[in-house]
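User: Could you take a close look at one part of this model for me? I'd like to see how a pair of helices packs, plus whatever helps to place it.

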Amino acid sequence: MQTQTPSPSHRRKQALALALLTLLYAWTRLFALTRLPIFSDEAIYIHWAQIILSDPTQILVSMTDGKPPLFMWLNAMTLAWFNDPLVAGRVVSVLAGWAAMLGVFFIGRDLFSPRAGVASALLYVLLPYTLFFDRLALVDGLLTALGVWSLRWAFHIVHETRDSKKAFRVLGVLWGLMLWTKASAVLWIVIPVLMFFMWGAHKRTGFWMQMGVAVSIPLLMNAVIYYLAPPVRMPGRLPFLHHLAYFIPLEELIRFPFLIWIRNLWITHEFFATYLTWPVALLLLMGLVKLIQKKGKAEMALWSWLVLPGLMIVLVAQGFFSRYFLPMVPAAALIAGLTVDRLAGWLPGRLAKRKASSSEVPPRLQTGVLALLLVGAGLTAAVWDARLLNDPRTASLHALDRLLYVEGMNSGYGVKAAADYLRQEAVKNQQHRGYELYLMIPRLPGNPAEGITVYLFGDPNIVFVPAFWWPEKPLLPDSNHFTLRPSIYQLFPRVRRHAHLLDFAYFVYPNTTYPQETFLQVNPGFHKEWSHPKPDKKHSVDLFQNFTEKLELELPTLGKR
């Protein structure tokens, strides 16, 4: 690990490189940030943040769905900075990605060389894997940033470049924040522990005392929030693990389900083949060859970071998404960046020997070769990135991600248009009837209802009616009153409202297997009033309106009825 203090000129060069990397990062992450519409999970997280901002007593509202709260807390702060809630949510991930990029630079610089740090950080900026998810309001980007910095502090501990007590405490806090972000953090917490044994740090005096402090910090941090957390209310959810259906059952695991493992391994391969690009894959292969030859500890740690968490996902997951592997990608950027740096030092020397010239290679020549190699390695990624930034529908996404983020019901196409339509209808309703538009939403979280809720949250002309009783019962209540709750995540306070307020209510039809034909038979007063097709045309955002007592908009207001 680099321990020498760089000269002032070297510090200026590093600062300039970081500034340029930051500018490139900001442009690639902020350009047309909302061009890809709001994804289902984004809508859920941003809605939780809106609830927290509007009522701080609901600071742990995400725990009703078994989700740790850190991302939502940060999003609640950014909601106060931006008028567009989607921008506010995605800015959290943009800032987290920037922190991850800085961490990659510092790890590469300290472990190998400043050039390796710059190369690794640049590849992090360009890789489609990081570009795509740094622009989405999902928790995985925040987990990635915290994971990068936990590894940086673990390297400080094994190389003794920081005060031991301080380093272990910082590491413990980072572990706690990771667990406040996502339960899968445990997969990356294992890597620093392995590093301690690889470097023999566990044999040092006082190690286990400091390790005990580091472990106790996240345990205490999480004990507090799980003690204070409201009960899980979403069907099928669990605290911490969130959803057992995501895991292979234990009785099946002990039978060694090779077919599932092979399927999982193949899907994982598809994710990395799609988002890492073939030049980076080639650099990783060269890095693996070098690892086998040299068996360097630092490189072994990076490969452990890249491989082991993903291997655990392959072995225990029933199903997973490409974003689950995002925290592994910085390790790929570091290995590829190191390989580029080594090639930049090796190629000019080989050329010099062939020409029988001096074996000493000028630093500027090495820098030039480094630049050429980075252009070659990053060009394929840059082309992919340009397509995503220009129009996400044309990007070469994995088939599952295309379904999730672009074409299927979880995508956000049509959601904002539906919210704009309802906002206009609410104004008309207020003008002609003298009361708010009542918008009935299903108890199922996610798009389209949750995305529409995000865009209409706080609108004084709209009242959200979580229809907890549907589809077991018809949408309209049998009695003259109905119970109104703040959201699908909150049971209290409950308010009794008169049923006639639902005479012209809208209903956002959810992503469900419940047929619309059956819905219309059970609720004959509702008619499809508005629809917006998704890109694949098989799905659409549908709004139904109640015309049980059909009246014209020009009828007298409620006060005159």
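Analyst: Sure. Bear in mind that this is a predicted model. Let's start with Gln14, which sits in helix H1 (residues 8-30). Its relative accessibility is 13%, so Gln14 counts as buried, the cut-off being under 20%. Leaving out residues up to four places away in sequence, Gln14 touches Pro6, Phe105, Arg109 and Pro114.

Now for the helix pair. Two packed helices are described by the angle between their axes and the distance between the axes. For helix H5 (residues 114-126) and helix H16 (residues 363-390), the axes come within 9 Å and cross at roughly 15 degrees. That angle is why H5 counts as roughly parallel to H16, and the crossing is right-handed. On the H5 side, the contact is made by Arg115, Ala119, Leu122, Leu123 and Leu126. H16 brings Gln366, Thr367, Leu370, Leu374, Ala377, Gly378, Ala381 and Asp385. Sorted by class, the contact of H5 with H16 has eight nonpolar, three polar and two charged residues.

As for the wider setting, the largest nonpolar core has 159 residues, and those touching the most other members are Tyr129, Phe196, Trp305, Tyr405, Leu439 and Ile452. Helix H4 (residues 85-111) supplies the largest share of this core, with 15 residues. Take Ile452: beyond residues up to four places away in sequence, Ile452 touches Val415, Ala418, Ala419, Leu422, Leu439, Val508, Val541 and Leu543. There's also a second, separate core of 21 residues, including Leu475, Leu484, Ala505 and Phe507.

Conventions. Residues are numbered from 1 along each chain as its sequence is written. This is a predicted model: local features need pLDDT of at least 70, side-chain atom pairs count only at pLDDT 80 or more; totals for chains, interfaces and linings use all residues. Side-chain values use heavy atoms; hydrogens and water are left out. Helices (H or I, at least four residues) and strands (E, at least two) are DSSP runs, numbered from the N terminus. Buried means under 20% relative accessible area, exposed over 50%, partly exposed in between (1.4 Å probe, protein chains only). Contact means heavy atoms within 4.5 Å. A nonpolar core is a set of buried Ala, Val, Leu, Ile, Met, Phe, Trp, Tyr and Cys residues joined through side-chain atoms within 4.5 Å. Axes are lines fitted to C-alpha atoms, for helices over the stretch in contact, and angles run from 0 to 180 degrees between N-to-C directions. Angles under 35 degrees count as roughly parallel, over 145 as roughly antiparallel, 65 to 115 as roughly perpendicular and the rest as oblique. A crossing is left-handed if the near helix is turned anticlockwise from the far one by less than a right angle, and right-handed if clockwise. Ala, Val, Leu, Ile, Met, Phe, Trp, Tyr, Cys and Pro count as nonpolar, Asp, Glu, Lys and Arg as charged, and the others, Gly among them, as polar.
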